[in-house]
Amino acid sequence: MKIGTKEISENSDPYIIAEAGINHNGSIQTAKELIDVAKNSGADAVKFQKRELEETYVEDIVKDPAIAEMGVEYTVSNLKEVVLSDAQFRELAEYARNAGIDFLCSPWDESSVEFLESIDMPAYKIGSPDMTNFVLLEKIIETEKPIIISTGMSDEEEIDKTVDFLERHNAEFAVLHCRSTYPAPFHNLNLNFMNKLMEKYDAPIGYSGHERGIAISAAAATMGASIIERHFTLDRTMEGPDHSASLEPTGLKKLVRDIENIEESKGSEVRYMTRGEYNNRVSLSKSLVASRKIDKGQEIKREDLTAKSPAKGISPQELYNIVGEKAQRNLSEDQIIQWEDIEKKEERRYDTSLEDWGVVVRFSDIEGSDWGDPDVYEFRVNGADLEEEIEISDHKDKRLTVHAPEQKGHDIVDLSSTTEDERKRAEEIIQNLIDKVRNEIKPHFSKENDPMIVIHPGGITSEKMVLDQTEEMNKQLAKTMDNLDDEGVELLLENMPPLPWIYGGQQYHNNFMRADEIAEYCEKHNQKICYDTAHAKLWCNYSDTSLKEHMEKLKPHIEYLHIADAAGVDGEGLQIEEGEIDWKELAPILNTLNVPKTTEIWRGHEKNAEGFKKAAKRLENFLN
């Protein structure tokens, strides 16, 4: 169901209701302070309670609470002291709207429903005492507004009856598991009952908590609660029935923060290795290493092998697949073993119907592997390569692409930097690369097309996203690109993921992620792009937008494709069909793009480019 624009379902982030109740103690100023606290905490809604005591209680008790038993006497006496007028409720509703938070209120009688309708309530919350009150529920159902109903003070049979009543009246509703004691002891909370509610009812299930602390409500979010409701107050020592079981402002803020972190941590059902994990794996994990000299043609024995860092060779998991193989070249003691060292180079041509197919290579390994006869070689250039003379044999039948370095030493190559020294340093690095491509690399490749150079725009911050600075960053980017001498090469900017890994830590991109922003830049500056499907999927997951629409918007500007799967918000470079991209959905767009396409799979170069080849084969199922 929806409350305002917020969708509430098992797949959405929990809708968090900050329950002010009657903790305003009859003061509209306190009530406004409670609204401010709820808004500042990050809650979705702030909720109060509305009663006409003459309708809620029998007349004699309202006139003289002392005639009732002690509990009723205390409750009614307190309620009489904390009543807010209709005018004050209107003022609070307007105050909440101006603050940008949903204003909710629990009606305890039919007259209160009629009043709340006059201030355009987006939904109704029914407290536990009225879960069995079909008289009140009838009135609320007539409003056709969503209903959230708590189940405290009721047994299972009563819950079933109320749910059946709501369903028979076609009401839109959610059910909250609740224990109505103040505070509720932990051993009574029985959170697992939420699982039963989820199994039984075709409705969002949530939790309304009256326990001490924030851990239990956060745990309910972990268990799948679609709505979390918690009482809060300015001060737990204030006079009144609900203050002692309420969170104070700091506690409410921490609870909302923890729930947001929990929801973010749930991530995806796809298991993937993040770029940060990969970087740490290379540094800390092990490769198979020759424990002694091994001659070419010699059968490898168990005692010839050990495991050492870094993880830049064959995994030690392959230990007993390597034992018994023959070395294809001489191996020195302590040498990291590669697949090329123990596998014969394939002589046959790798066959794929994928047109203009490319693979990722480095200068050091282009001659050593069977790449499968791709049409395009994309060289990854790092900062150190810029200082070395490039020596490479001729590949006149291959198209050349070069990926510019993202960093040099410990400096990010940030073409979008708003710091002029950083921007100029990045400009110099890219110009150096362009010169090297023209003079040292281009002569060895096909002359039919100018080399494409893929460039990351930069726009990276370490603390948080600053999307309000995107426009200024793109101005600096355009300045950098205009200054570059690109004669004889084609410069392509690449769309970015939201959370890049730099120096082993996660940081933030701020430009070249949103489709509208990239399209506007490309149209204004006549710029073409390398479209990365994995980067785009990560951004779309992060921003809850459509990958198909993202790609469709940018299709006119795409000159080159990086193709890989992705999952979550930072799981890139996954094998095709092993992430979250719907390739059938993208196929109609991909089939209209007559551009080179490189299968950019992490570690795809290993075992004679097995990962790149597998990706090409899988893409054949979707691409003409």
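This briefing describes a barrel, a helix pair and several aromatic contacts in one structure. The model is predicted. Its eight barrel strands pair in the parallel sense, and the structure holds nine aromatic pairs.

**Barrel**
- The barrel closes in the strand order β13-β14-β15-β18-β20-β24-β25-β28.
- On average, neighbouring strands of this sheet are turned by 30° against each other, direction ignored.
- Five bridges join β14 (residues 376-380) to β15 (residues 399-403) in parallel pairing, and Arg380 stands opposite His403 in β15.
- Helix α19 (residues 547-554) packs on the sheet, where it touches β24 (529-532) and β25 (558-563). The direction of α19 makes about 165° with that of β24.

**Helix pair α16 and α17**
- The axes of α16 (residues 470-483) and α17 (residues 515-525) come within 12 Å and cross at roughly 35°; the crossing is right-handed.
- On α16 the contact involves Thr470, Asn474, Leu477, Ala478 and Met481, and on α17 Glu517, Tyr521 and His525.
- These contact residues comprise four nonpolar, three polar and one charged.

**Aromatic pairs**
- Phe134 and Phe165 count as stacked because their ring centres lie 4.0 Å apart and their planes meet at 15°. Phe134 belongs to helix α7 and Phe165 to helix α8, 31 residues apart.
- Phe134 is partly exposed at 30% relative accessible area, whereas Phe165 is buried at 6%.
- Phe363 and Phe379 are also stacked, 4.7 Å centre to centre with 15° between the planes. Phe363 lies in the loop between β13 and β14, and Phe379 in strand β14.
- Phe363 is buried at 15% relative accessible area, and Phe379 is buried at 0%.
- Ring pairs join Phe363, Tyr377, Phe379 and Phe445 in a cluster.

Terms used:
Residues are numbered from 1 along each chain as its sequence is written. This is a predicted model: local features need pLDDT of at least 70, side-chain atom pairs count only at pLDDT 80 or more; totals for chains, interfaces and linings use all residues. Side-chain values use heavy atoms; hydrogens and water are left out. Two strands pair if DSSP finds at least two bridges between them. Helices (H or I, at least four residues) and strands (E, at least two) are DSSP runs, numbered from the N terminus. Axes are lines fitted to C-alpha atoms, for helices over the stretch in contact, and angles run from 0 to 180 degrees between N-to-C directions. Contact means heavy atoms within 4.5 Å. A crossing is left-handed if the near helix is turned anticlockwise from the far one by less than a right angle, and right-handed if clockwise. Ala, Val, Leu, Ile, Met, Phe, Trp, Tyr, Cys and Pro count as nonpolar, Asp, Glu, Lys and Arg as charged, and the others, Gly among them, as polar. Rings of Phe, Tyr and Trp (its six-membered ring) pair if their centres lie within 6.5 Å; planes under 30 degrees apart count as stacked, over 60 as edge-to-face and the rest as tilted. Buried means under 20% relative accessible area, exposed over 50%, partly exposed in between (1.4 Å probe, protein chains only).
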